[in-house]
Amino acid sequence: MNDKTGTIAVVIPAYEPDDRLPAFLRELSERGIGPIVLVNDGSGEDCGTVFAEAASYVEKSGGVLLTHEVNRGKGCALKTAFSYLLGHDEDLTGVITADADGQHSAEDIGKVRKAMTAHPGTLVLGVRNFDGDDVPWKSRFGNKLTEALFAYVSGLHVTDTQTGLRGIPKGFLRELTAVEGERFEYEMRMLLAAAGHCPITEVPIETIYDSKEDHRTHFDPIRDSIRIYRILGERFFRFLFSSLASCVLDLILFSVFCFLLKGRFPVFYAGIATAAARILSASANYLINYRLVFASRENRGKAGMRYALLAAAQMGLSALAITGLLRLMPGGPELVFKIVIDTILFLISYKIQQKYVF
């Protein structure tokens with residue numbers, strides 16, 4: 001699969017494939033699609049005949065069959081292929097990843113290739129429609145849930161976060177070889193790595209399943225889902241930890257400043273201690289969020305100014321909201337009001353910092 005700007009290779013990781021794999025590769029070969037890099041991810045000897053037939057089509061495409069001696073996972077298989085292509089094809093402009101279980105067609109690979117040519121430098125996702133009657137309910141529910149969680153955590157709206165059909169530009173491919181993840185969770189990390197760094201283009205593709213009752217896949221709905229949702233939770237919990245750590249630091253600094261200033265400024269010491277502690281703890285919170293939570297590439301000065309405005313607005317809104325609730329419900333539980341209001345503002349602040357600050 002070559003165009004005037006270079007080569008777009010097709011990468012297919014395969015573990016314990018059946019006869020659908022050679023049939024798929026034959027279709028690619030007939031359409032002149034290639035080169036194909038097929039990765040045997042530690043499949044058993046029973047798959048020898050399947051891979052022998054598949055290898056003939058891989059060879060015709062000008063590609064290569066790579067082999068893992070033991071099963072290492074889809075993420076490792078993809079990175080093996082990426083590293084091979086980056087080291088062996090100087091004309092490479094990008095790759096298209098596809099699954100070996102019959103869920104992708106040669107026609108859809110052509111759609112992704114066309115989108116890569118029309119939108120160079122973008123990550124192209126072949127997205128499925130999960131609303132059809134032929135889609136297994138667990139796939140429909142899982143995708144909708146993951147879509148919502150991913151949108152909140154990353155700030156990106158991706159229709160199909162688990163699609164294996166992706167067009168990846170060469171510039172982003174280099175970065176992906178260093179992204180963590182060995183199995184299905186690697187594809188989620190790929191999307192998180194793209195957030196804010198690599199534009200995303202979506203292309204509708206066909207939704208192919210054997211049947212709602214007999215859909216065959218190596219994806220473990222419990223084990224692999226836990227891995228994926230753990231990744232989604234990592235950034236948010238880093239944000240939560242950053243906020244809690246800053247709160248503790250604020251209280252410690254407030255106590256220290258009160259001790260140091262009480263004798264010198266008996267009237268104003270509490271106000272001075274509050275302001276000094278808040279400035280220092282907010283500065284620490286900003287640095288942690290900038291570097292560890294959001295891994296921002298935004299100009300540090302601009303991000304700092306936006307963060308300061310957000311912190312001031314959040315503090316003012318908290319005070320106004322609590323005061324308003326106490327006027328509506330005199331004698332109400334101030335602490336409960338503060339916890340509820342600050343929790344809501346905390347969740348909103350995450351989205352604002354994600355989208356506008358960092």
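In the predicted model, Asp18 has a relative accessibility of 22% and therefore counts as partly exposed. Its side chain takes part in a salt bridge with Arg20, in which the closest N and O atoms are 3.0 Å apart. Arg20 likewise counts as partly exposed, because its relative accessibility is 22%. In total, eight salt bridges are present in the structure. Side chains of opposite charge can pair when their charged atoms come close.

A further salt bridge joins Arg31 to Glu27, with an N to O distance of 3.8 Å. Glu27 is classed as partly exposed because its relative accessibility is 28%. Asp250 and Arg278 also form a salt bridge, and their closest N and O atoms are 3.6 Å apart. This pair connects distant parts of the chain, since Asp250 belongs to helix α8 (residues 223-261) and Arg278 to helix α9 (residues 269-293), with the two positions 28 residues apart in numbering. The two partners fall into separate accessibility classes: Asp250, at 14%, counts as buried, whereas Arg278, at 38%, counts as partly exposed. In addition, Lys74, Asp99 and Glu187 are linked in a network of salt bridges.

Strand β2 (6-14) is largely enclosed by the rest of the structure, because nine of its nine residues are buried. This strand pairs with β5 (92-97) in the parallel sense over five bridges, and Val10 stands opposite Ile96 of β5. Parallel pairing over five bridges also links β2 to strand β3 (residues 36-41), where Pro13 is placed opposite Val39. Together with α1, the strands β2 and β3 make up a right-handed β-α-β unit.

Helix α4 comprises 13 residues (residues 106-118), for which a rise of 1.5 Å a residue predicts a span of 18 Å; the end C-alpha atoms lie 19 Å apart, and the two values therefore agree. The buried residues of this helix are Ala106, Asp108, Ile109, Val112, Ala115 and Met116. An α-helix has 3.6 residues a turn, so residues three or four places apart point the same way. The cover over the buried residues of α4 includes the strands β2, β5, β6 (123-127), β7 (166-169) and β8 (200-204), as well as helix α1 (20-30). Strand β2 thus recurs in the description: β2 contributes to the cover of α4, pairs with β5 and β3, and belongs to the β-α-β unit with α1.

Terms used: Residues are numbered from 1 along each chain as its sequence is written. This is a predicted model: local features need pLDDT of at least 70, side-chain atom pairs count only at pLDDT 80 or more; totals for chains, interfaces and linings use all residues. Side-chain values use heavy atoms; hydrogens and water are left out. Helices (H or I, at least four residues) and strands (E, at least two) are DSSP runs, numbered from the N terminus. The expected span of a helix is 1.5 Å times one less than its number of residues. Buried means under 20% relative accessible area, exposed over 50%, partly exposed in between (1.4 Å probe, protein chains only). Contact means heavy atoms within 4.5 Å. Two strands pair if DSSP finds at least two bridges between them. A crossover is right-handed if, with the strands pointing away from the viewer, the path from the first strand over the helix to the second runs clockwise. A salt bridge is a side-chain nitrogen of Lys or Arg within 4 Å of a carboxyl oxygen of Asp or Glu.
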